[in-house]
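Let's take a walk through this one together, starting at a single strand and working outwards. Keep the 3D view open as you read.

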Amino acid sequence: MKIHFIGIGGIGISGLAKYLRAQGVEISGSDIAEGNATKYLRAQGVEINIPHSAQAITNQDLVIHSAIIKPDNIEVQEAHKKGIKVLSRKEALAFILKEKRVFSVCGAHGKSTTSAILSSLFPQFGAIIGADSKEFGSNVREAKSECIIFEADESDKSFLNSNPYFAIIPNAEPEHMESYNHNLTEFYGAYDEFINKAKKRVFNLSDPYLKNLKNIESIALEPSTDIKNIQFYLHNDEPQTSFELKDYGSFHVWGFGEHTAQNAALAILCAIDELGLKALDSIKANLAHFKGIKKRFDILCKGQTTIIDDYAHHPTEITATLKSVAIYNALKPHAKVIAIWQPHKYSRVLDNLESFVRCFENGCDELVILPVWKAGEAHIDIDFATLFAKYNPTFATHLKLNNGHIELYNDKEHIKTLQDALIIGLGAGDITYQLRGEK
């Protein structure tokens, strides 16, 4: 089969392309600009068109496009002219995953980490994750298999098309409510539908919604009683969490924090159910292969000045990340902790305003606030200076990496240098590239 991907440089579309290529599908693709994904695929012999071109549509059997591609796209129009079926990524998932044994992970927080840990526990399975696993340096494990670890996305309801065999849910906190008409009944109804599609399930019962699913058969994780003796330490200067899970013994996983132990525990319980207790030793050994994922407590440089990049962009995530920062700083003390926050979407800020104001109360000595990453939204005036006045924050338009230090700017004017500190960047926008000196 031949499939063409429009917007193949994006992480979601490139993930599908890489995975299907490993299953034996002949793929091609296009995008508006070159990027890491297009360079990688081109090096694998995949035909890539930059920019979009009608000539890219030849004799393919199917065209799949990313969510941002509009009906007037030249390749979409050409495919229609030639009678080639065109699907959005969301629509394509049902087609791609319909015959697969899918270990589908969804939730507001922790799904990328949980998915990556699952992929470590099932290295023979294919995997499509929403971030690059450091274990295999990609968001896709390109294995030919009938089984797949899949990070399912509730933000656009596409998780309903993921054909879950095993549903793994770290939490179901309301998020992306614009996709659910800001209606909690509709939101939880979608989760109900997802859960009922699955043959097996593992839930984190610290989530109120999951705890109240009395009539749904599942493997339950009750963190307050099932996870014991959590300890944090550095191994080769890398963060590690050890814990005991039920009566299965002790486990060691990359990362810091109670949430890390909970994410790992969900993956472990899934693996034990699937493989049996006879595989417990191999599960523990495979867990050691997990090395974290890019942009999640991603330690970019260490020393007197330590810089960490984290994708946290919701108050719950920021609070958890700052707790991990406190653990790291206790083991490897720095003069102070500086948080650099790039708010992500006006709607998210306004929907969670009080929680955002509170989430920096513990864990940082200084707060830097960058402009809101709009993510396609129209500008909304938000008085961050008044709302966050108790932190006496520094406002900057952007930052630059300079010899292991962070330089803050207000347009072209240099404001200050951040150094001799543990610096944590928080956000889902381009802050990750600024911290790495790539922008």
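Which residues point one way from S9, and which the other way? Cys-147, Ile-149 and Glu-151 take one side, while Ile-148 and Phe-150 take the other, and all of them are buried. In a regular strand, side chains alternate between the two faces of the sheet. Bear in mind as you look that this is a predicted model.

So much for the directions; now for the cover. Strand S9 covers residues 147-151, and five of its five residues are buried, so the strand counts as mostly covered. Its neighbours are easy to pick out. Strand S6, residues 101-105, runs parallel to S9 and is joined to it by five bridges. If you want a spot to check the register, find Phe-103: its bridge partner in S9 is Ile-149. Strand S7, residues 126-133, is also parallel to S9, with three bridges joining the two. Here the pair to look for is Gly-126 and its bridge partner Ile-148 in S9.

Now zoom out for a moment. The protein has 15 helices and 24 strands. The C-alpha trace spans about 60 × 60 × 45 Å along its principal axes. How does the radius of gyration fit with a compact globule? For 439 residues a compact globule would come out near 22 Å, and the protein has 22 Å, so the two agree. Of those 439 residues, 55% count as buried. Take the contacts between residues at least 6 apart in sequence: 63% of them join residues at least 24 apart. On the outside, the protein exposes about 18,800 Å², with carbon and sulfur atoms supplying 48% of that area. As for charge, there are 47 positive and 54 negative ones, and their mean positions are 4 Å apart.

Back inside, go to Pro-170, in the loop between strand S10 (164-169) and helix H6 (184-197). Is this proline buried or exposed? Pro-170 has a relative accessible area of 3%, and because buried means under 20%, it counts as buried. Leaving aside residues up to four places away in sequence, Pro-170 touches Val-105, Cys-106, His-109, Gly-110, Lys-111, Thr-114, Asn-204, Leu-210, Asn-263 and Leu-266. Cys-106 is worth a second look: it sits 64 residues from Pro-170 in sequence, yet their C-alpha atoms are 7.3 Å apart.

Cys-106 turns up again if you move on into helix H6, where Tyr-191 lies. With 0% relative accessibility, Tyr-191 counts as buried. Setting aside residues up to four places away in sequence, this tyrosine touches Cys-106, Gly-107, Ala-108, Glu-154, Phe-159, Ile-169, Asn-171, Ala-172 and Tyr-209. One of these, Ala-172, is 19 residues away along the chain, with 7.9 Å between its C-alpha and that of Tyr-191.

Next, a lysine that may catch your eye. Lys-345 is placed in the loop between strand S18 (337-341) and helix H12 (346-351). Why does it count as buried? Its relative accessible area is 13%, and the cut-off for buried is under 20%, so Lys-345 qualifies. Its contacts, again not counting residues up to four places away in sequence, are Glu-178, Val-372, Trp-373, Lys-374, Ala-375 and Glu-377.

That list leads straight to a backbone oddity. Ala-375, one of the residues Lys-345 touches, has a positive phi of about 50° although it is not a glycine. You'll find Ala-375 in the loop between strand S19 (366-369) and helix H14 (384-387). At 44% relative accessibility, it counts as partly exposed.

Two more backbone stops and we're done. Asp-237 also has a positive phi without being a glycine, near 70°. It lies in the loop between strands S13 (227-235) and S14 (238-245), and at 28% relative accessibility it counts as partly exposed. Finally, look at the peptide bond from Ile-50 to Pro-51: it is cis, with omega near -5°. Pro-51 itself lies in the loop between strand S3 (47-49) and strand S4 (62-65).

Key:
Residues numbered from 1 in each chain as written. Predicted model: local features only at pLDDT ≥ 70, side-chain atom pairs only at ≥ 80, totals over all residues. Heavy atoms only, no water. Helix = DSSP H or I, 4+ residues; strand = E, 2+ residues; numbered from the N terminus. Rg over C-alpha atoms; globule rule 2.2 N^0.38 Å. Buried < 20%, exposed > 50% of the residue type's maximum accessible area, 1.4 Å probe, protein only. Contact = heavy atoms within 4.5 Å. Areas by Shrake-Rupley, 256 points an atom, 1.4 Å probe, with all protein chains shown as cover. Lys, Arg positive; Asp, Glu negative; His and termini not counted. Charge placed at Lys NZ, Arg CZ, Asp CG, Glu CD. Pairing = 2+ DSSP bridges.
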